[in-house]
Amino acid sequence: MQNQELWKQYFEKYPLGTMQDFIKYLYQAVLGSAHFVSNPEENYQYLFKEYQTLECDENHELIEEISDDLVRVHLEAIPAKYLKYYHHFFLLSVDVDEDKQKLIDLLMNIAEVPFDKNEWKAYVSKYIQKGCPLVSHSDIFREHYHPHYRLMKKKYIPYIKLLKRIEQIHCPILAIDGNSAAGKSSLAELLSETLELPVISMDDFFLQAHQRTSHRLQEVGGNIDYERFYHEVVQAITNGTNIVYQVFDCSCMQLAETKSIDCRKGLIIEGCYSHHPYFKEYANLKVFMGIDKIQQKERILKRNGEKMLKRFVGDWIPKEDAYFEMYHIKENADVVL
């Protein structure tokens, strides 16, 4: 995992960094966060307290690449209202990797460093003898560079870019479509909390019992009541009126409670079929969330159990895949995650 170009950038950016700081950098690049988080809320409170000591500077560098998989996200560059959003992806990026042999092999084989070679070898030898513990930044590094950051996996950078893109839209109408178990509901909930926007789930528009004819169920994209969604949601968005609709209740296969939603500041619609061509271009930002089949099955099994997994695999997922393919849902999305 040697990355000479990244190391060169590191030494250019932090010329006063010590051997201790470089080892910390390598430790993070190889082993990641290596901290187990038992209580996410306590972890957030610790992050928030640190953040309060800083002066927010949106011109500050936000993301610093440290490896092929990880970046440092500098806290100063995060707007306060989005701190919890970022924290979510910090938590998802935490890995506990006990295989320190990878780090040892790297340390033993580094050829070029801007330190005295003999001193570097001696320092590395002592560090390995101690068992390669996690180290802090040196006092010199703290004094000159004031490090305040968290590690994040690169794969979550598109989520940060999505947030910035939504920021630029007046009254965002965001439609999140994609594979089952890809994280649509979780993303919608996170964005709703961050942006203070209401959420409508496509699950509220499943077909009622009397609508589930063989003809309708064979129709690609016909797995939801797209006519009702169009009349109750899409037309209300177009007309700038409150959205009033009834929620589908799967326990009785009928419509139940009525909801009223004010979407004047924006709206998030989440769920498969939210990009159905029947609705035309009602959303000003369409997001597609994908997932590989193996991980999809693992998530559904954990979330829904063995019995429901068979239903997903045998019925619902093939219907979704046919809908994605026929209407080019992923290809026509504005953002793919």
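Is Lys-286 buried or exposed? In the predicted model, Lys-286 has a relative accessible area of 12% and is therefore buried, since buried denotes a value under 20%. The side chain of Lys-286 nevertheless takes part in a salt bridge with that of Glu-281, with an N to O distance of 3.8 Å. Glu-281 is exposed, because its relative accessibility is 62% and the threshold for this class is over 50%. The pair thus joins a buried lysine to an exposed glutamate. Elsewhere, Lys-13, Glu-61 and Glu-64 are linked into one network by salt bridges that share partners.

The overall architecture may be described first. The protein contains 13 helices and ten strands. Its C-alpha atoms occupy a box of roughly 80 × 40 × 35 Å along the principal axes. Of the 337 residues in the protein, 45% are buried.

Ionic pairs were then examined. Side chains of opposite charge can pair when their charged atoms come close. In the whole structure, 15 salt bridges are found. One of them connects Arg-216 with Glu-219, for which the closest N and O atoms are 3.7 Å apart. Arg-216 has a relative accessible area of 12% and so falls in the buried class, whereas Glu-219, at 28%, is partly exposed. A further salt bridge is formed between the side chains of Arg-228 and Asp-225, at 3.6 Å from N to O. Here both partners, Arg-228 and Asp-225, are buried.

Charge also gathers on the surface. A patch of negative charge is formed there by Glu-55, Asp-57, Glu-58 and Glu-167. Membership of such a patch requires over 30% relative accessible area and no salt bridge. Glu-167 has a relative accessible area of 42% and is therefore partly exposed. This residue belongs to helix H8, which comprises residues 157-167.

Two serines in loops were considered next. Ser-67 is situated in the loop between strand S1 (63-65) and strand S2 (70-74). Its relative accessibility is 3%, so Ser-67 counts as buried. A polar atom of the Ser-67 side chain lies 3.0 Å from the backbone nitrogen of Leu-70. Ser-180 is located in the loop between strand S4 (173-178) and helix H9 (184-195). With a relative accessible area of 7%, Ser-180 is likewise classed as buried. Between Ser-180 and Glu-61, which are 119 residues apart in sequence, the C-alpha to C-alpha distance is 35 Å.

Separation along the chain and separation in space were also compared for two pairs that involve helical leucines. Leu-107 is part of helix H5 (residues 101-109) and is buried, because its relative accessible area is 3%. The C-alpha atom of Leu-107 lies 8.4 Å from that of Leu-26, although the two residues are 81 positions apart along the chain. Leu-301 is found in helix H12, spanning residues 293-304. A relative accessible area of 38% makes Leu-301 partly exposed. Leu-301 and Phe-312 are eleven residues apart in sequence, and their C-alpha atoms are 9.8 Å apart.

Backbone torsions were inspected last. Most residues other than glycine have a negative phi. Met-253 has a positive phi, near 60°. This residue occupies the loop between strand S6 (243-249) and strand S7 (254-261). At 28% relative accessibility Glu-219 was assigned to the partly exposed class; Met-253, at 26%, is also partly exposed. Lys-280 is another residue other than glycine with a positive phi, again near 60°. Its position is in the loop between strand S8 (267-270) and strand S9 (285-289). Lys-280 has a relative accessible area of 64% and is therefore exposed.

Technical notes. Residues numbered from 1 in each chain as written. Predicted model: local features only at pLDDT ≥ 70, side-chain atom pairs only at ≥ 80, totals over all residues. Heavy atoms only, no water. Patch = residues over 30% accessible without salt bridge, like charges linked within 9 Å, V, L, I, M, F, W, Y side chains within 5 Å. Areas by Shrake-Rupley, 256 points an atom, 1.4 Å probe, with all protein chains shown as cover. Salt bridge = Lys/Arg side-chain N within 4 Å of Asp/Glu carboxyl O. Lys, Arg positive; Asp, Glu negative; His and termini not counted. Charge placed at Lys NZ, Arg CZ, Asp CG, Glu CD. Helix = DSSP H or I, 4+ residues; strand = E, 2+ residues; numbered from the N terminus. Buried < 20%, exposed > 50% of the residue type's maximum accessible area, 1.4 Å probe, protein only. Polar contact = N/O pair within 3.5 Å; in protein donor to acceptor, adjacent residues only side chain to side chain.
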